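Reader: I should like to learn how to read the principal features of a structure of this kind. May we take them in turn, with the general idea ahead of the particular case?

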Amino acid sequence: MAVSIEEQELKSRLNLIENMISEGRRSTENWGWMFIFWGVAYYIAIAWATWGHSSLAWPVTMIVASLLAAVLASRKAQKSPATTMGRAIGAVWIGVGISLFLVMMSLSISGRYEPHVFIAIIGAMLGAANATSSIILKWKMQFGCAVVWWAAAIVGCFGTENQGSIAFLGALFVCQILFGIYGMILKSNKRSARQRPEGAAHA
Amino acid sequence: MPELPELNPVIHGKLRLALLSLLSGVEKAEFTWLRAKTGSTDGNLGAQLLKLEEAGYVAVEKKFVQRKPQTLYRMTDQGREALTGYVRALKQLLGAAIEA
């Protein structure tokens, strides 16, 4: 009996170690809101450019959204610990974001902006970012988003302007809004599961 | 029969073990985050972190962010070695307990 109690105690220590290590790593899953945020920013820019016929729509929306995202992300980051995985994923998205911004601004200013190119570049780059992120996180659902973006990029290359636009708007809705909501629901479910009493560790 | 290893008493405390395990998965973590994850009180958490610090298993960094004090903890190489050794010893003991 004494051996059994000791064995249980040792197993509970091992479980505690496993739980706490995975608890620390979970801090990277809290970014569902960022997908929704950028999805909404893209929709605002598209609506403004389409109905407002303003050449300022994309640069202004993207600059304001980038500043706002940076402030919100840094506030959120202060509450969570830094992890190597989190930094790796952050690096991918920051890199892709800067690349997209520079290329799109340059195309726009040089007057070489063309809808097919716009859809193909955005689709390919967001596909790459989602795929990289999904492989790091081992998250199959996000790889599905990468496939949707790549499909939109291909439609952008081969389809008409209308077909490309529909593919782009569809990908935006599925991969930013729906995926963001899914990420937030997943996070909220995990948080509720973790709030059970056995999660506490006292000396 | 091979001699069974002893468990490191500094790490064996449940809260100290939880803290080291948490810190092993992150680069550094704030006091409030550790408190939330362990469900511990400020006093108890501070005391256990101090023991880990005295043993050289964690390092402390204090700074101000937007005029608010922030205390950050990170696991040292010594702490990582100690935790690895503890897990190894734990597995060895568990193996012996199952065989007995």
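**Interface, core and sheet**

Author: Let us begin with the interface. In this predicted model, 25 residues of chain A are in contact with 30 residues of chain B.

Reader: Which elements of chain B supply at least two residues each of the side that touches chain A?

Author: Helix 2, strand 1, helix 3, helix 4 and helix 5 of chain B each do so. Helix 2 of chain B provides the largest share of that side, with eight residues. By residue class, the side of chain B that touches chain A divides into 15 nonpolar, nine polar and six charged residues.

Reader: How should one approach the nonpolar core?

Author: In soluble globular proteins, nonpolar side chains tend to be buried together. Here the largest nonpolar core holds 26 residues, and those touching the most other members are Leu19(B), Leu20(B), Leu22(B), Leu23(B), Ala29(B), Leu34(B) and Val58(B).

Reader: Which elements each supply at least two residues of this core?

Author: From chain A, helix 1 (2–25) does so; from chain B, helix 2 (14–24), helix 3 (31–38), helix 4 (42–54), strand 3 (68–75) and helix 5 (77–99) do so. Helix 2 of chain B gives the most to this core, namely seven residues.

Reader: What does Leu20(B) touch, not counting residues up to four places away in sequence?

Author: With that exclusion, Leu20(B) touches Ile11(B), Leu52(B), Tyr57(B), Met75(B), Gly79(B) and Leu83(B). There is also a second, separate core of 21 residues, including Phe35(A), Ile119(A), Val155(A) and Ala171(A).

Reader: Let us turn to the sheet. What is the order of its strands in chain B?

Author: The order is 1-3-2, in an open sheet of three strands with antiparallel pairing. Strand 1 (29–30) and strand 2 (58–65) of chain B each have a single partner strand and stand at the edges, so one side of each lacks a neighbour in the sheet.

Reader: How many bridges join strand 1 of chain B to strand 3 of chain B?

Author: These two strands pair over two bridges, in the antiparallel sense. Within strand 3 of chain B, Tyr73(B) lies opposite Ala29(B), and Leu72(B) lies opposite Glu30(B).

Reader: And how many bridges join strand 2 of chain B to strand 3 of chain B?

Author: Eight bridges join them, again in the antiparallel sense. Val65(B) stands opposite Lys68(B) of strand 3 of chain B. The hairpin of strand 2 and strand 3 of chain B has two residues between the strands, and in this hairpin Gln66(B) adopts a positive phi near 50°.

Notes. Residues are numbered from 1 along each chain as its sequence is written. Chains are lettered from A and ligands numbered from 1 in the order in which they are written. This is a predicted model: local features need pLDDT of at least 70, side-chain atom pairs count only at pLDDT 80 or more; totals for chains, interfaces and linings use all residues. A nonpolar core is a set of buried Ala, Val, Leu, Ile, Met, Phe, Trp, Tyr and Cys residues joined through C-beta atoms within 7 Å. A residue is buried if 20 or more other C-beta atoms lie within 10 Å of its own, exposed if 12 or fewer, and partly exposed in between; C-beta atoms are placed from the backbone. Helices (H or I, at least four residues) and strands (E, at least two) are DSSP runs, numbered from the N terminus. Two residues are in contact if their C-beta atoms, placed from the backbone, lie within 7 Å. Two strands pair if DSSP finds at least two bridges between them. Ala, Val, Leu, Ile, Met, Phe, Trp, Tyr, Cys and Pro count as nonpolar, Asp, Glu, Lys and Arg as charged, and the others, Gly among them, as polar.
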